[in-house]
Amino acid sequence: MLDKLPDEVEPLGLALAGRSFKGDIGLSDMQRLSVALASDSVLAVQAVFEVDQCRLPVMRLVVTGQVLLVCQRCMDALPHALDLRPVLAIVADEERADVLPEGYDPLIATGKPVRLSELIEDEIMLALPLIAKHLDESVCDVFIRQKEAAEKVLNPFGVLEQLKRNK
């Protein structure tokens, strides 16, 4: 197993050769994913290419770590743990993708190299909640009240408001 993730992979060739890689990947370059994140994160990744017991060439991904999402209620950071373990069956076309056994997701191999970071980004995006929010609404309510109180104190026109009341 190599301790560095390659930029690009040719899934079918790597599966037939039985190669595997592990390493860390930063999420700062993943543009589609960065919209949902409050800050950059680094995740541990393991990619195993093999022919499995069903005689299918597969890519087994393990992605672990924590990302900070943006809560859509209070707009504060929301930690979200990831422990993804998808099994991608490497197929030549969509017809073969439709007849895969249960538990396999298709990865259509065209013979051209595929960016590994894009595959990982796709899997992370599928695992994230549609709407990121704190499970306990009171956390958001407290944060919103604190933010509103701070805005009242820091309002630059607060002095003018007081003068208006005194007239």
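**Close-ups of a predicted model**

**View 1. Pro-11 and its contacts.** Once you set aside its neighbours within four places in sequence, Pro-11 touches Phe-49, Ile-90, Leu-107 and Val-114. This is a predicted model, so take the views that follow in that light. Pro-11 belongs to helix H1. Is Pro-11 buried or exposed? With a relative accessibility of just 1%, under the 20% cut-off, Pro-11 counts as buried. There's a long-range pairing to look at here too: Pro-11 and Met-59 sit 48 residues apart in sequence, yet their C-alpha atoms are 7.2 Å apart in space.

**View 2. Leu-12 and a nonpolar surface patch.** Move one step along the chain and you get to Leu-12, which also has its place in helix H1, residues 11-17. Leu-12 comes out as partly exposed, because its relative accessibility is 34% and that class runs between 20% and 50%. Which residues make the nonpolar surface patch with Leu-12? Its partners are Leu-16 and Val-51, and the patch comes to about 270 Å².

**View 3. Strand E2 against strand E3.** Here we're looking at E2 (residues 20-26) and E3 (residues 42-51), an antiparallel pair joined by seven bridges. For a landmark, find Ile-25, which stands opposite Leu-43 in E3. As a rule, side chains in a regular strand alternate between the two faces of the sheet.

**View 4. The E3-E4 hairpin.** On to E4, residues 57-70, which runs antiparallel to E3 with eight bridges between the two. Glu-50 is a handy place to start, as it stands opposite Val-58 in E4. How many residues lie between E3 and E4 in the hairpin? Five do, and in that turn Arg-55 has a positive phi of about 65 degrees.

**View 5. Stepping back to the whole chain.** Zoom out and the secondary structure adds up to six helices and eight strands. Follow the sequence and they come in the order β-α-β-α-β-β-β-β-α-β-β-α-α-α. The protein has 167 residues, and 34% of them count as buried. If you look at contacts between residues at least 6 apart in sequence, 55% join residues at least 24 apart. As for the surface, the protein exposes about 11000 Å², with carbon and sulfur atoms supplying 53% of that area.

How values were computed. Residues are numbered from 1 along each chain as its sequence is written. This is a predicted model: local features need pLDDT of at least 70, side-chain atom pairs count only at pLDDT 80 or more; totals for chains, interfaces and linings use all residues. Side-chain values use heavy atoms; hydrogens and water are left out. Patches are made of residues with over 30% relative accessible area and no salt bridge: like charges are joined within 9 Å, nonpolar side chains (Val, Leu, Ile, Met, Phe, Trp, Tyr) within 5 Å. Accessible areas come from the Shrake-Rupley method with a 1.4 Å probe; for residues, only the protein chains shown count as cover. A salt bridge is a side-chain nitrogen of Lys or Arg within 4 Å of a carboxyl oxygen of Asp or Glu. Helices (H or I, at least four residues) and strands (E, at least two) are DSSP runs, numbered from the N terminus. Buried means under 20% relative accessible area, exposed over 50%, partly exposed in between (1.4 Å probe, protein chains only). Contact means heavy atoms within 4.5 Å. Two strands pair if DSSP finds at least two bridges between them.
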